[in-house]
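User: I would like to know how the labels in a model like this one are justified. Please set each value against its definition.

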Amino acid sequence: MGGERAGRGRGAPARMIAYATSGAVLLAGCASMPDSGDLRGVESTPRQDAQVRVFAMPPSEDASPAQIVQGFLEALTSDDADYKTARQYLTTEAARAWKPELSTTVLADGPGAQADRPGREDTGAVSFTLTGEKVATVDAQQAYASATGPYGKLVHLTRDAKSGQWRIDGVPQGVVMGKSDFQRNYMSVSKYYFASTTSRAAADGPPMAVADPVYVRSHVEPTTQMVRSLLGGPTAWLDPVVRSSFPAGAALHEDAGPLAADDHGKLTVPLNDKAAGAGTGLCKEMAAQLLFTLRDLSPAVDEVELRAEGKQLCSLPQEATETVADRGSLDSPDYLYFLDEEHRLVRIPAGGTATQPDPVPGALGEGETSLRSVAVSRDERTAAGVTLDGQSLYVGSIVPGGSLGEPVLSSRGESEDDRLTAPSWDAQGGLWVADRDPADPGLFLLEEGGGEPLEVRTPGLDGRIQSVRVAADGVRIALVVAEGDRRSLMIGRIERSGTEGPAGPAEKTGARPAVTVLQPRPATPELEQVTAMSWTGDSRLVVVGREEGGVEQMRYVEVDGSLPEVSQPAALTGVEAVAGSADEEVPLVAHSVDGIVRLPSGAQWQKVTEGTAPVYPG
C-alpha cells in the first residue's frame, strides 16, 4: 500500500462554491486539488436551504488522478439526475457498467482516499482506496439501515492513450458520501400499502394503511421518484405483511414526464395498460395509496387522478381518503389515560389544557383493584390493566358499573419485575402482553381482548421482552428486549398464518392462527439502555434511553433506525414512561419526577397532575 493518508483538515477548501440566482450551487471538484499523491478527506457540504440545488463541475483538462477521484466523489453529492456529471469522470465502459442506484453508503465523515502506489502515474494506471467509517446504508429498494465498521473500496484509473486524459475505469457500484451530504441530498418519505395479514375481526373493514419509509433524493423530482417507488412495491422487510392495490405490472406510462401537481393541487398520474382494468373501488384504493405517500411533499397534492389508455380511471381528493382506507394517524384519541395516586384508571381530554382527571367508567376506574399499568383499546370502549404486583391482567368495558371478572392472564414470576409488562392493543382489538418470568418468558396475544391466550412465536429474538407496543397498523410491533446489561429497542414484523386441521384450513374450521414476530431489527443501536418508548405517528417512535457512558435522553426515531428531521423533544428528568399517539398533532405525555407532564407544540414540558403510567389508546 502507498504513502500516508493526509489529514481531513486543511487551509484550502475542498470545494469552490458559486451561487447562482436560480438557487443552484456549483461544486468545482477539481479546485484546490493536489497534483498527485494521496487525497484528503472529501469534506461534506454545509447544510443548504431546502431550495438550493447543488451541481458538480466536470473534470478539467489534464486533471491529475487525484483530482479525478476527488471530482468524482464531489459529483456523487450533486443534484444531477442520473449522475451525469459523475459519469464524465469514468471511462465509457465504466460509465455504462456503473449502477449508482444499487446502494448508498453513508460515512461518518466524507470519504477519504489513499493512493495505493504513489508516484507511479508514468505506468498509465493507478488506484486509490476509499476509506471511512460506515454509519448507514440505503439499498436498491431505498430502504435505510444503520451500519457500523470500516469502509474500504478500490478505485482504479487509467490514462487514455490518445487523449492523455485520466479517467476511472474501475469503480464500486452504488454511491458513497458523508453523513451531512446524505442529509442534504436525501429525505425520508413513507410510501403506503395495505395490511394483508390481520385478524378475522378486521376482514370486513376498510384496508389498514401501513407506512413503508424510504429515502429519495430530495432535489431530483421527488414526486416522480416516490410514485415510481410506490409502484415498484414494498421494501423486502415489509413485503410479507402488506399488499398493493396497484395491479401486477402497473407502472408509469412510458411517455410520462416529471410528475407535478397543478395550480389547484391536482396530480395526474398516467399509468400503463396493466392498470386499465382496475375497477372503481380498486382504483380509489390506488389513489389513496398515492395521496398518503405524497402528503408530505411540497407542493402539496390535494387530489389524485389516475389515467390509463388515455382515459380517466378515477379521481380522489385528499379529504375522501378516510372513506377508502384507514390509517392510524387519521384517528385522533378522545382521552389521555393514566393512573391516579390510588392506582385507579382516570382520564382527561386529549390535546386540551385540562388538569383535573375523571375516573374512567367501569371496574378498572371505579373498582377496588390497584393497577401498575394500563392500556385502552383504540375504539376507547375497553381497558386492560395489570395489577400492582404485576401478577394478573384484567380486561373490562368502559361502562358504568361494569364488573371485572377473572384475570385473563397471570404470571408466576417470583418478583414484580419478573412478571407482566404493560399491555398494548392492536388495531383489530387484539391485546398483547409479555411475561418476564425467567423460568417461562413469553409474548402473548388475546384475540379480541379475551379467550385463551395465544403464545406468539419470536424466532431470532434474543433476550427477555421488557416492554410491548403494537403499531396502529397491526403489522409491526416495538419491543424493548433485555440481554445481559443491555436493553434494546427492536421493531418486529407480525405475521399470521392459518393452521391446517383435520377438517381443513383455519379460515374454514375456525382454528386459531399461528402468530409470529419475525426479523426483529434494532431501531436505536446507539442506545444501550432504553427505558421507555411509544409509537407517535405512522412510522415513528419516541424513545427514552441513554448511550454508553451518557445521560438519559428522549428522541424521535423512525422504524428503520434513522433520525427524522424534526425538532427533538425538550429534555426531561427522571422519565418513567412516555406516551405518544399515532396522531402527531396530539402532545407527548410522560411520567417523570414531576408526575404527569405534557409537551404542547412549540412549548416546554408542563405539569398536568399527579399520577403514573400515562397512555393514549393503543
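User: Where in the chain does His-343 lie, and what makes it partly exposed?

Analyst: His-343 lies in the loop between strand 17 (335-339) and strand 18 (345-349). Helices (H or I, at least four residues) and strands (E, at least two) are DSSP runs, numbered from the N terminus. The relative accessible area of His-343 is 28%. Buried means under 20%, exposed over 50%, and partly exposed in between, with a 1.4 Å probe and protein chains only. His-343 is therefore called partly exposed. This is a predicted model, in which local features need pLDDT of at least 70 and side-chain atom pairs count only at pLDDT 80 or more, while totals for chains, interfaces and linings use all residues. Residues are numbered from 1 along each chain as its sequence is written, and side-chain values use heavy atoms, with hydrogens and water left out.

User: What is the phi of His-343?

Analyst: The phi of His-343 is positive, about 65°, although His-343 is not a glycine. Most residues other than glycine have a negative phi. Asp-82 also has a positive phi without being a glycine, at about 60°. Asp-82 sits in the loop between helix 1 (65-75) and helix 2 (84-87).

User: Why is Asp-82 given its exposure label, and which label does Glu-342 get?

Analyst: Asp-82 has a relative accessible area of 47%, so it counts as partly exposed. Glu-342 has 55%, so it counts as exposed. Glu-342 belongs to the loop between strand 17 and strand 18. From Glu-342 to Thr-369 the C-alpha distance is 9.6 Å, with their positions 27 residues apart in sequence.

User: How do you know that Cys-283 and Cys-314 form a disulfide?

Analyst: Their sulfur atoms are 2.0 Å apart. A disulfide is a pair of cysteine sulfur atoms within 2.5 Å, so the pair qualifies. A search of the whole structure finds one disulfide. The pair links distant parts of the chain, 31 residues apart: Cys-283 is in helix 6 (residues 280-294) and Cys-314 is in strand 16 (residues 311-317). The angle about the S-S bond is -85°, and the link is left-handed. Both Cys-283 and Cys-314 are buried.

User: What makes strand 15 and strand 16 a pair?

Analyst: Strand 15 (residues 303-308) and strand 16 share six bridges, in the antiparallel sense. Two strands pair if DSSP finds at least two bridges between them, so these strands pair. Leu-306 stands opposite Cys-314 in this pairing. The strands form a hairpin with two residues between them, and Glu-309 in the turn has a positive phi of about 55°.

User: How many bridges join strand 22 and strand 23?

Analyst: Strand 22 (residues 392-397) and strand 23 have two bridges, antiparallel, so the pair meets the cut-off. Ser-392 stands opposite Ser-410 in strand 23. The open sheet runs in the order 20-21-22-23, with antiparallel pairing.

User: Why are strand 20 and strand 23 called edge strands?

Analyst: Strand 20 (371-376) and strand 23 (409-410) each pair on one side only.

User: What shows whether Arg-436 has a salt bridge?

Analyst: A salt bridge is a side-chain nitrogen of Lys or Arg within 4 Å of a carboxyl oxygen of Asp or Glu. Lys and Arg count as positive and Asp and Glu as negative; His and the chain ends are not counted. For Arg-436, the nearest side chain of opposite charge is Asp-417, at 5.3 Å, so this buried residue has no salt bridge. The side chain of Arg-436 does reach the backbone oxygen of Leu-420 at 3.1 Å. Arg-436 is in the loop between strand 25 (431-435) and strand 26 (442-446).

User: How many residues make helix 5 mostly covered?

Analyst: Nine of the eleven residues of helix 5 (residues 222-232) are buried. Pro-222, Met-226 and Leu-231 are among them. Their cover includes strand 12 (209-217) and helix 6, where contact means heavy atoms within 4.5 Å. Gly-233 follows helix 5, with a positive phi near 105°.

Notes: A polar contact is a pair of N or O atoms within 3.5 Å; within protein, one must be able to donate a hydrogen and the other to accept it, and residues adjacent in sequence count only if both atoms are side-chain atoms.
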